[in-house]
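Reader: Please show me the model, and then take me through the reasons behind the terms used for it.

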Amino acid sequence: MVWEERWHPLREEWVIVAAHRQDRPWSGGTVEHQEEELPEYIDDCYLCPGNPRISGMVNARYPQTFVFDNDHPSVSPNAPVELIPPPGIYRNRPARGIARVVCYSPKHNLTLGELEPVEIKNLLQVWQEQYKDLGSRPEIAHVLIFENKGEAVGVSNPHPHCQIYATNFVFKTIETEARVSERHRAETGRVLFQDILAAEHEDGRHIIAENDSAIAFLPYFARYAYEVFVAPKATHPNIARLSDRELFDFAEVLKRVLVKFDNLWQMPFPYVMPLHQAPVDGGDYSGFHFHIEFHPPLRKPNLLKYLAGPEIGGGNFLSDTSAEEKAAELRAQPDVHYKHLPKQEMK
Ligand SMILES: [Zn+2]
Ligand SMILES: [Zn+2]
């Protein structure tokens, strides 16, 4: 039983860990899961190769990945520039930026974790190119690459894809991580994320997968039950700085995490997955350590983590589970995807 508060050093906030409460009775809503066999191609999917999109544009017959400008952008070079000035202390400005979509595969029925490591590495290279292309534009301050996966996080089209928001501002979490990382470097001469990795290695209980140059762990200070960080072991402010070798190692560890996620309850595992990369606003971010964070919304196969009073109302998380227990659960999962296991080995 863990009942304590844990400090989240990247966000500078306390997480209440109250793992003694997790089996309290629940009679509310649950998330239904019905796994259906999907075909490789669907003729009315706006992400499948060769199909028309709402904008009238037609997707290329792409063999691997496919990048296009979002047809419903939240930020755009074409956002209105003539704005009504608000009263008093209020401020506004044009929603300038670039929003894109990246399809991972031409196959409608695959997920990121089902791609081969070499295909994942190819996708990481696309992310490198996008970061360099969008990040080099003077009007862009930050490039947020993220995947929302599953109906539990509001995504109804299972075609594997992520989104990119290149914005004229730095997203709040990145701004905080960048600020505390630079302060830590100024105060100690060390990289904050390296100190986190050192603590995780010293503890050892939270590590999910590891190879020569990449690591995945469910951090001591996790806010979600199955929150996992995937990172290169060397400090790089962004994905574009990773060598070919590091990229392959990263792809291999990433795949193992995704397979374990899916194997946990033998269902496609929903998550929000942002890449945390240094801003591109001209600042010095040499103490920023690129990583991917997984924020899975489920606590159990059919039970959502509700964000309520502490999280929405107060801004700090209440976790009903401990990192030690959930990391052990994930680590125990096989590295072979359940869809590829012989039937008798399935629960
Ligand atoms: Zn599709
Ligand atoms: Zn982060």
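Author: In sequence, the residues that donate to the zinc ion (ligand 1) follow the spacing C-x2-C-x59-H-x50-H. This is a predicted model, in which local features need pLDDT of at least 70, side-chain atom pairs count only at pLDDT 80 or more, and totals for chains, interfaces and linings use all residues. Residues are numbered from 1 along each chain as its sequence is written, and side-chain values use heavy atoms, with hydrogens and water left out.

Reader: What makes Cys45 (SG), Cys48 (SG), His108 (ND1) and His159 (ND1) donors of the zinc ion (ligand 1)?

Author: Donors are N, O and S atoms within 2.8 Å of the metal (3.2 Å for Na, K and Ca). These atoms lie at 2.0 to 2.3 Å, so they count as donors.

Reader: Why is the site of the zinc ion (ligand 1) called tetrahedral?

Author: Four donors count as tetrahedral if all angles lie between 85 and 135 degrees. The angles among the 4 donor atoms are 102 to 117°, so the term applies.

Reader: Which residues coordinate the zinc ion (ligand 2)?

Author: Glu177 (OE, listed twice), His276 (ND1), His291 (NE2) and Glu293 (OE) do, at 1.9 to 2.6 Å. His276 lies in strand β10 (residues 271–276) and His291 in strand β11 (residues 291–294), so the pair ties together parts 15 residues apart in sequence. Strands are DSSP runs (E, at least two residues), numbered from the N terminus.

Reader: Are His276 and His291 buried or exposed?

Author: Both are buried, that is, under 20% relative accessible area (1.4 Å probe, protein chains only).

Definitions and conventions: Chains lettered and ligands numbered in written order. Tetrahedral: all angles 85-135°; square planar, octahedral: opposite > 155°, others 65-115°. Helix = DSSP H or I, 4+ residues; strand = E, 2+ residues; numbered from the N terminus. Buried < 20%, exposed > 50% of the residue type's maximum accessible area, 1.4 Å probe, protein only.
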